[in-house]
Amino acid sequence: MTTNIDESVPLPKDVQLGFGAWIRHIPAALPAVGFDALWEFGMSSVPPTPNPFNGGRTNLKRRQATFIERSPGLGYRFSGKRTHALRADDLRAFELFAAVEEDFAMRHPTMSIDELRKNVMYHFNWYPGGAGISPHKDDEAQLEAGADIYSYSFMNDESYTRNFQVYHEDDSTATLTVPLGSGDLLVMGGSRCQVDWKHGVKTSAAKRYAKMKRINITVRWLNSEL
Ligand SMILES: O=C(O)CCC(=O)C(=O)O
């Protein structure tokens, strides 16, 4: 057997949450190249989502959209709704998206870019100020159960961090809090991660977040039925 792992590079450490569930945090995996262009696109071209917690009387502050290359025009189905669907033409021009796609491919060297594009979806969140996302599991039917989820975070200023919380499904107190900086990659993995655990980013009215712009891009493996 041959190996091409460079043993002089320390492997990232995983935090074991419990049986079959872990979190990996890789700080500064990528620079936030072309952040402003992707931010403007999200805030001007992606329609807001009606807030599911008040019957849609108001909209969520966070914008969200999904790109599924193998099913153009199909959004991500959750809470009984579909997210806004992005197309390759909308996205490939954005440097930040291209950088994420390249980084993900670099971390999966045994697969061709075409194979990767057929098997993953990209989900985008644009968070103005202290907007967040409530605790949830990424366990939708479109996703390959138990597959790793790669989550890239970018901010408009490198000095910003935003806490990402992980909760056991029966507990409203976070078991793990990961401070995410701009360019950080967080990987959620293990067959139980989206079964026994939830994750989220607490909404905050704190002044220090007032001018923050944050884009999160998750890469998720699709199941074969979609
Ligand atoms: O913004 C984040 O860091 C988390 C995003 C997330 O949980 C999601 O899109 O499901």
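Leaving aside its neighbours within four places in sequence, which residues is Y122 in contact with? They are T66, F67, I217 and V219. This is a predicted model. One open sheet has eight strands, and another open sheet has four. A ligand sits among residues that include H123, D138 and H199.

**The eight-stranded sheet**

- The strand order is β1-β2-β12-β9-β14-β7-β3-β6. The pairing in this open sheet is mixed.
- Strands β1 (14-18) and β6 (84-86) are the edges, and each pairs on one side only.
- Neighbouring strands here are turned against each other by 20° on average, direction ignored.
- Helix α1 (residues 35-45) packs on this sheet. The helix touches β3 (63-67), β7 (120-128), β9 and β14 (213-221). Its direction makes about 85° with that of β14.

**Pairing around β12 and β9**

- Strands of a sheet pair through backbone hydrogen bonds, and the sense is either parallel or antiparallel.
- β2 (residues 21-26) and β12 (residues 185-189) are antiparallel, with five bridges between them. W22 has G189 as its bridge partner in β12.
- β12 also runs antiparallel to β9 (residues 149-155), and four bridges join these two strands. Y150 stands opposite V187. Y152 stands opposite L185.
- β9 pairs with β14 as well, in the antiparallel sense and over seven bridges. On this side, Y150 stands opposite V219 of β14.
- How much of β9 is buried? Six of its seven residues are, so the strand is largely enclosed by the rest of the structure.

**The four-stranded sheet**

- This open sheet follows the order β8-β13-β10-β11. Its pairing is antiparallel.
- The edge strands are β8 (133-136) and β11 (176-181), and each of them pairs on one side only.
- From one strand to the next, the twist averages 20°.
- Two bridges link β8 to β13 in the antiparallel sense. I133 stands opposite V201 of β13.

**Around the ligand**

- Which residues surround the ligand? They are H123, N125, I133, D138, S151, S153, F164, H199, V201, N216 and T218.
- Four elements give two or more residues to this shell: β7, β9, β13 (197-201) and β14.
- By class, seven shell residues are polar, three are nonpolar and one is charged.
- I133 and V201 both belong to the shell. These two residues also stand opposite each other where β8 meets β13.

**The nonpolar core**

- In soluble globular proteins, nonpolar side chains tend to be buried together.
- The largest nonpolar core here has 40 residues.
- Which residues have the most contacts inside this core? They are F35, L38, L96, Y122, F154 and I215.
- Strand β7 supplies the largest share of the core, with six residues.
- Y122 thus appears twice in this briefing: it is among the core residues with the most contacts, and its contacts include I217 and V219.

Note on methods
Residues numbered from 1 in each chain as written. Predicted model: local features only at pLDDT ≥ 70, side-chain atom pairs only at ≥ 80, totals over all residues. Pairing = 2+ DSSP bridges. Axes fitted to C-alpha atoms, helices over the stretch in contact; angles between N-to-C directions. Contact = placed C-beta atoms within 7 Å. Near = placed C-beta within 6 Å. Nonpolar A, V, L, I, M, F, W, Y, C, P; charged D, E, K, R; others polar. Core = buried A, V, L, I, M, F, W, Y, C linked by C-beta atoms within 7 Å. Buried ≥ 20, exposed ≤ 12 C-beta atoms within 10 Å, placed from the backbone.
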